[in-house]
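I opened this entry to look up the ligand and what surrounds it. My notes follow the order in which I checked things.

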Amino acid sequence: MRHVVYAMPGNQELADALAHRRRMARLALELHRFPDGEGLVRVEEPPVGAEAIIVCTLDRPDEKTLPLLMAADTLRELGAGSVGLVAPYLAYLRQDARFRPGEAVSSGIFGRLLAEHFDWQVTIDPHLHRLRSLTEAGMPQGRAISAAPALAGWLRERVELPLLIGPDEESAPWVESVAALMSAPAVVATKRRFGDRKVQVQLPDLSNWPGHNPVLLDDIISSGHTLLKSIEGLRALGMPAPWCVAVHGLFADNALERLRVAGVAGVVTTNSVPGETARIDLSELLAAALPEH
Ligand SMILES: O=P(O)(O)OC[C@H]1O[C@H](OP(=O)(O)OP(=O)(O)O)[C@H](O)[C@@H]1O
């Protein structure tokens, strides 16, 4: 099987890295926007019988999804044997239940939509703590891999005597998996969410780790309020300014600036979503998760 790689806009760097690591051709695809905002996908170099891979991280999913689906179908019409999706960040997985009557269960709807257009999907650390697998989110051919080795590798080299802190109980398994990889202690806080931008974080007793440098570790930074409340809590305990490390940096509401103003040692995320904090490279882990060819 010969695989070829396409990048949706903004994903060229990661697509190039995957193409390089797996010795695949990166072929051109463009997205034109008409003045009224409608998009037009154009496959400049057709896949001609190859297995196609599209790289498209799905932050800001509402504007990205329709062009992505059109690209997938166009590649198939132009002769791709199969079409796979590498979406390092997969949207809509936080809404995995009808929390209030009448709400859409977005994860299932979105999962089924992607599954209709793609033969397989790979993502990194989906917000899956309430789900057993991507299949449960409606993605039968979905594969989820963990960024833990990349996070642990980055932290091991840069933070002396770290104390990893997960902001809520649901972060425990993967905070502990990063901690185990770097032989560092880990604790988790208790979080209560009252609204999109209102949370309460209760830190545990940290007096067992004097001299340690706190590292707040989360899967997603969106509005940043989870981390802002955690930073406040650490300050109240007399801890040094923490590192804020996350897999997916979405940074809604000017969150990055707010975190910096709140006082951090640094804010670092993976390149699942490109941006100035995206200093932890996932291309090696993602390349290893692609199908054999
Ligand atoms: O930057 P923020 O706007 O605070 O959002 C990020 C937080 O939200 C998510 O958890 P969430 O509170 O949704 O938990 P749940 O999905 O486990 O209920 C995620 O795991 C982060 O902790």
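I started with the place of the ligand. It sits in the largest pocket. I keep in mind that this is a predicted model.

Next I asked which elements give two or more residues to the shell around the ligand. I found strand E11 (190–195), strand E13 (213–221) and helix H6 (225–236). E13 gives the most, with 4 residues.

Then I looked up the domains. Domain 1 covers 3–145 + 282–289, and domain 2 covers 148–271. Both give residues to the shell around the ligand, so the ligand lies between them.

I went on to the residues themselves. There are 17 residues around the ligand. His 127, Glu 170, Asp 219, Ser 223 and Thr 226 come nearest. I also sorted the shell by class. I noted 8 charged residues, 7 polar and 2 nonpolar.

After that I checked oxygen atoms of the ligand against side chains. For Arg 193, an oxygen atom of the ligand is 2.7 Å from an N or O atom in the side chain. For Asp 218, the distance from a ligand oxygen to a side-chain N or O atom is 2.6 Å. For Asp 219, that distance is 2.6 Å. Asp 219 is also on my list of residues that come nearest.

How much of the ligand does the protein bury? I looked at the ligand taken alone, and it exposes 500 Å². The protein buries 91% of that.

My last note returns to the setting. The ligand is in the largest pocket, and it lies between domain 1 and domain 2.

How values were computed: Residues numbered from 1 in each chain as written. Predicted model: local features only at pLDDT ≥ 70, side-chain atom pairs only at ≥ 80, totals over all residues. Heavy atoms only, no water. Near = heavy atom within 4 Å. Polar contact = N/O pair within 3.5 Å; in protein donor to acceptor, adjacent residues only side chain to side chain. Areas by Shrake-Rupley, 256 points an atom, 1.4 Å probe, with all protein chains shown as cover. 1 Å grid on protein atoms, 1.4 Å probe; cavity = no way out; pocket = protein on both sides within 12 Å on 5 of 7 lines; lining within 4 Å. Sits in = over half its atoms within 2 Å of the grid points. Nonpolar A, V, L, I, M, F, W, Y, C, P; charged D, E, K, R; others polar. Domains from an automatic or database assignment.
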